[in-house]
Each structure stands twice: as structure tokens, then as C-alpha cells.
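Me: Please take a close look at the part that concerns metal binding. Start from a residue in its surroundings, then work outward.

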Amino acid sequence: MFKIGCHLSISSGYEAMIREAIGIGAGVIQFFTRNPRGGATKPLDPADIDAFNSLAAEYSVGPVLAHAPYTMNPAAAKPELREYALNTMTDDLERLAFIPGSMYNFHPGCHVSQGADVGIGHITELLKKLLEVDSPTVILLETMAGKGTEIGGRFEEIAEIIKLSGNASADKLGVCLDTCHVYDGGYDIANDLDGVLEEFDSLIGLDRLKAIHLNDSKFGFSSHKDRHACIGEGLLGLDAIVRIINHPKLRELPFYLETPNDVPGYGREIAMLKSCRSQD
Ligand code: FE
Ligand code: FE
Ligand code: ZN
């Protein structure tokens, strides 16, 4: 089954969000766990979560991917910023325990002026603590575009983080591959998708690949800009994206659009991509 969906807003609650997803034919959902600028979150409403879970079961929506706020920095030099990231992520995992099969995606962070090794050290210390949280939710590291001092733009860095944080099993710690980011980061998924997947497999292991952020890229190969484009309107292009959603090693994964769209626009992209999917 083709699991294709998009990023939606949680601001009107879980039930409203899943009704919106069903309305546009989305089979998976991603949402930000809280205002990306950080801050307090509303307490969970058990009735809202129950309504969400029963609709998700009825319409086979899932897996649900929660995205950590991108403004926090798990690689930050200041201990209080890393503490804040850990507390936020711990709280998020506790909330996600109420959504069966959920996954939790985060950006590894920016080392700023500390150097990648020091940044990776901070991330792995945080991950070790996070992995101690008794949670059914799989944690995903997102592949980044390598913009500025971002960590996670190279598969080697992701592999290093996984190894140094204790090599948790793939059902605890995985990877979300963002098509805009990797293309932007210098992996040519437009012309050599097989080669990139082989490299991913040898460094990280394809068993850890749990989700795809499906985005076109406003800028070209290896530009390190991280600007998403609508499907077919960027420099990655529709042909490459159609090969990605149909690739035998990727096609069973959930695909989450994070393209610059309103909700009806996501609906149109989902319908278009369904028409480009080869038969199961
Ligand atoms: Fe992201
Ligand atoms: Fe992404
Ligand atoms: Zn991005």
C-alpha cells in the first residue's frame, strides 16, 4: 500500500487534524509537536486522542510522524540549551506514547563554532538519555542539507551519532531521509538513486530507514540551501521523485510531503503522486 501524506497543523487538535488528512486522501501525517519556536504545550485531551486513534484505525492512517521543534539545538554549546532540548524531547515522547506506532523525528543540530566532533558528542549524550525513556515511539534522525554548521548532512555523521549513542536497535533509533536535504547536501538521488541507497546501506543500514520526507528542491544539487519546492516545481524534478516513490527499496516506507502548500495543495500533490505510483 502506498503510504503518502503530508505535514499538517495540530493547532485545532488531533481529531481535527486527522479529519483534515482523511479529507485530502492522506494515509500518513506529520505534525510539529509544539510551536516550532518552543514554549508550553496544552495538556493532552484524552477524548481528542481517543477520537484520533479510532479514526486512524478506521481509515488506516499511519504511521504518525511527530517532528520536534527545529529551533532547539541538541548540539548547542550552552548546557542549558541542550538541557532544554532534552526536556522538550522527553516531554514529546511521553505524549507520543498515546499514539500507537508513532515516530519522532528531530534535526541533529548545529555545532556553530565548536566543530562537528564536539557537536556530535553533545547529540549522542542527549540521545543516550532520550533512549532511556521507556517509550514505544521510534526516534528518527533527519538527514540534513548541510547548511551552515548543520550536522547530519553526511551519512557518515548520522552513522557516527548512532554508533556513539550506543547503537540502539533499529526499532528504537532510525533515520528519516529528506529528499530535498540529501539532494541539496550532495547526494545525487536524481541521477544515481541506487548508488546513494547503497552508500546509505553501507554506512547506516537500510533497516534504519523508517520514513521519507518527500520534497522537491528550490536550489540545485549540492547547494546546501534547504529550500523546499512543490513536487515537480524544483530542481530535483518529477521524474526523480516518481522513481523514489516506486523504488523497490523505498516503496513500502511512509512518505511525508513538506512542500510549500496549503491543505488543498497537499491534496492535489497526494492525488498526483498516487497517479504516478506503479501497481503494488
Ligand atoms: Fe525537518
Ligand atoms: Fe524534512
Ligand atoms: Zn528542510
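Reply: Buried means under 20% relative accessible area, exposed over 50%, partly exposed in between (1.4 Å probe, protein chains only). This is a predicted model: local features need pLDDT of at least 70, side-chain atom pairs count only at pLDDT 80 or more, totals for chains, interfaces and linings use all residues, and side-chain values use heavy atoms, without hydrogens or water. Residues are numbered from 1 along each chain as its sequence is written, while chains are lettered from A and ligands numbered from 1 in the order of writing.

Start at Ala-116. Ala-116 sits in helix H4, which covers residues 116-131 (helices, H or I of at least four residues, and strands, E of at least two, are DSSP runs numbered from the N terminus). With 24% relative accessibility, Ala-116 is classed as partly exposed. Ala-116 has contacts with His-111, Ile-151 and Glu-157, neighbours within four places in sequence aside (contact: heavy atoms within 4.5 Å). Ala-75 is 41 residues from Ala-116 in sequence, yet the C-alpha atoms are 9.1 Å apart.

Now the metals. Three residues coordinate the iron ion (ligand 1): His-67 through NE2, His-107 through NE2 and Glu-142 through OE. The distances run from 2.1 to 2.2 Å (donors are N, O and S atoms within 2.8 Å of the metal, 3.2 Å for Na, K and Ca; water is not among the atoms, so sites may look incomplete). Along the chain, the donor residues of this iron ion (ligand 1) follow the spacing H-x39-H-x34-E. His-67 belongs to strand S3 (residues 64-67), and His-107 to the loop between strand S4 (103-106) and H4, so this pair ties together parts that are 40 residues apart in sequence. His-67 is buried, at 3% relative accessibility.

The iron ion (ligand 2) has its own set of donors. Glu-142 (OE), Asp-178 (OD), His-213 (ND1) and Glu-258 (OE) coordinate the iron ion (ligand 2), at 2.0 to 2.2 Å. Their sequence spacing is E-x35-D-x34-H-x44-E. Which residue coordinates both iron ions? Glu-142 does, and the two ions are 3.3 Å apart. Glu-142 and Asp-178 link distant parts of the chain: Glu-142 is in strand S5 (residues 138-142), Asp-178 is in strand S6 (residues 173-178), and 36 residues separate them. Both Glu-142 and Asp-178 are buried.

S5 and S6 also meet helix H5. H5 covers residues 155-164, and its buried residues are Phe-155, Glu-157, Ile-158, Ala-159, Ile-161 and Ile-162. The cover over these buried residues includes H4, S5, S6, H6 and H7. Glu-157, one of the buried residues of H5, is also one of the contacts of Ala-116. Just past H5, Gly-166 has a positive phi of about 110 degrees.

Next, helix H8, residues 238-246. Its buried residues are Ala-240, Ile-241, Ile-244, Ile-245 and Asn-246. Which elements do they pack against? H6, helix H7 (193-203), strand S7 (209-214), S8, strand S10 (255-257) and helix H9 (263-275). Ile-241 and Ile-245 also touch Leu-273. The other residues that Leu-273 touches are Phe-2, Ile-4, Leu-214, Ile-231 and Leu-257, with residues up to four places away in sequence not counted.

Finally, the rings. The structure holds 7 aromatic pairs (Phe, Tyr or Trp rings, six-membered for Trp, with centres within 6.5 Å; planes under 30 degrees apart are stacked, over 60 edge-to-face, the rest tilted). One of them joins Tyr-14 and Phe-52, edge-to-face, with 5.6 Å between centres and 80 degrees between planes. This pair bridges distant parts of the chain: Tyr-14 is in helix H1 (residues 14-23), Phe-52 is in helix H2 (residues 46-58), and they are 38 residues apart. Tyr-14 is buried at 10% relative accessible area, and Phe-52 is buried at 0%. Another pair, Tyr-183 with Phe-221, is tilted: 5.5 Å centre to centre, 50 degrees between the planes. Tyr-183 lies in helix H6 (residues 179-184), while Phe-221 lies in the loop between strand S8 (216-217) and strand S9 (228-229), 38 residues apart. Tyr-183 is buried, with a relative accessible area of 7%, whereas Phe-221 is partly exposed at 40%. Phe-31 joins Tyr-14 and Phe-52 in one aromatic cluster.
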